Amino acid sequence: MLQIANLTKTYQKKKVVDAVSFTIEAGTFTSLIGPNGAGKSTVLGMMSRLLKSTEGTVYLNGKDIFQEKDEELAKQLAILKQANQMTMRITVEELVAFGRYPYSQGKLTTEDHEKIEQALIYLELTDLRTMYLDELSGGQKQRAFIAMVLAQDTEIVLLDEPLNNLDMKHAVQIMHVLRRLVDELGKTVVIVIHDINFASCYSDQIIALKNGQLIIHDQTEVVMQPEILSTIYDMPMTVHEHKGKKISYYYK
Ligand code: ADP
Ligand code: MG
């Protein structure tokens, strides 16, 4: 269980995240939505300790993550940041092996190799293992980064806009994989996502931020209502049902 308690981030006296609190249950899939600049990446950054909080903290299974040792936290929580610009020329397999660093510090054991293999198989990357990242398409590259996170073998997986630059088919593929991480492997997944319809179709809960504040945190079907979405995005939104899933459109 991940408890976000009164998280606040201030830059030059401006509160970009303002006393945000919520709880994420283990084994669930949560989407963090909201307009540009709402504070989503800042919240995810503090949840992973990449960013220091100005106030408030995050508890992972009751322990304050800011008090945790680096390698201990890295065995429990993995984050994939927005827009991965990997400048090193490395192969898919080498990238995935980075996920084992918290365990092996570079000297890979048999278990490390097994975890790397499992991650490659899970993301259907075995045929691409010797390819260099700069030879891959956007979707393939994104899958390679997710495989690295999977190889890290953590309970919590945080991803900031994992669908960026992906076409519809590859976006669906990524959302499927993330859903399977929850359903088959029991992982806790939290993503920042702009497409509310993908959020609606794949996540259990939605959290909406706006101007650094939490607007709503509830079951997906509760958040997917025209009044709520219109408030989040400051524009008129409709909600339709299709095969039991709620889909939203904007209108003028
Ligand atoms: P989102 O991910 O929801 O688009 P962010 O969390 O990236 O929003 O940013 C929230 C707000 O904080 C924005 O107004 C942004 O300009 C500001 N911000 C983010 N990082 C910094 C920083 N390092 N210094 C100053 N302001 C920042
Ligand atoms: Mg962001």
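These questions and answers cover the surroundings of ligand 1 and helix α6 in a predicted model.

User: Which element gives the largest share of the shell around ligand 1?

Analyst: The shell includes Tyr11, Lys14, Val16 and Pro35, as well as Lys40, Ser41 and Thr42. Two elements give two or more residues to the shell, β2 (14-24) and α1 (40-47). The largest share, three residues, comes from α1.

User: How far from an oxygen atom of ligand 1 does a polar side-chain atom of Thr42 lie?

Analyst: A polar contact requires N or O atoms within 3.5 Å. Backbone N or O atoms of Gly37 and Gly39 lie 2.8 Å and 2.9 Å from an oxygen atom of ligand 1. For Thr42, a polar side-chain atom is involved, and the distance is 2.5 Å.

User: How much of the accessible area of ligand 1 does the protein cover?

Analyst: On its own, ligand 1 has 560 Å² of accessible area. The share of this that the protein covers is 60%.

User: How many residues of α6 are buried?

Analyst: Helix α6 runs over residues 138-151, which makes 14 residues. Buried means under 20% relative accessible area. Among the residues of α6 that meet this are Gly139, Phe145 and Leu150. The helix is mostly covered, and the number buried is eleven.

User: Which helices and strands do the buried residues of α6 pack against?

Analyst: Contact here means heavy atoms within 4.5 Å. The buried residues include Ile146, Met148 and Val149. Their partners, taken for the buried residues of α6 together, are β6 (77-80), α3 (92-98), α5 (110-122), β7 (156-160) and α7 (168-183).

Notes: Residues numbered from 1 in each chain as written. Chains lettered and ligands numbered in written order. Predicted model: local features only at pLDDT ≥ 70, side-chain atom pairs only at ≥ 80, totals over all residues. Heavy atoms only, no water. Near = heavy atom within 4 Å. Polar contact = N/O pair within 3.5 Å; in protein donor to acceptor, adjacent residues only side chain to side chain. Areas by Shrake-Rupley, 256 points an atom, 1.4 Å probe, with all protein chains shown as cover. Helix = DSSP H or I, 4+ residues; strand = E, 2+ residues; numbered from the N terminus. Expected span 1.5 Å × (residues − 1). Buried < 20%, exposed > 50% of the residue type's maximum accessible area, 1.4 Å probe, protein only.
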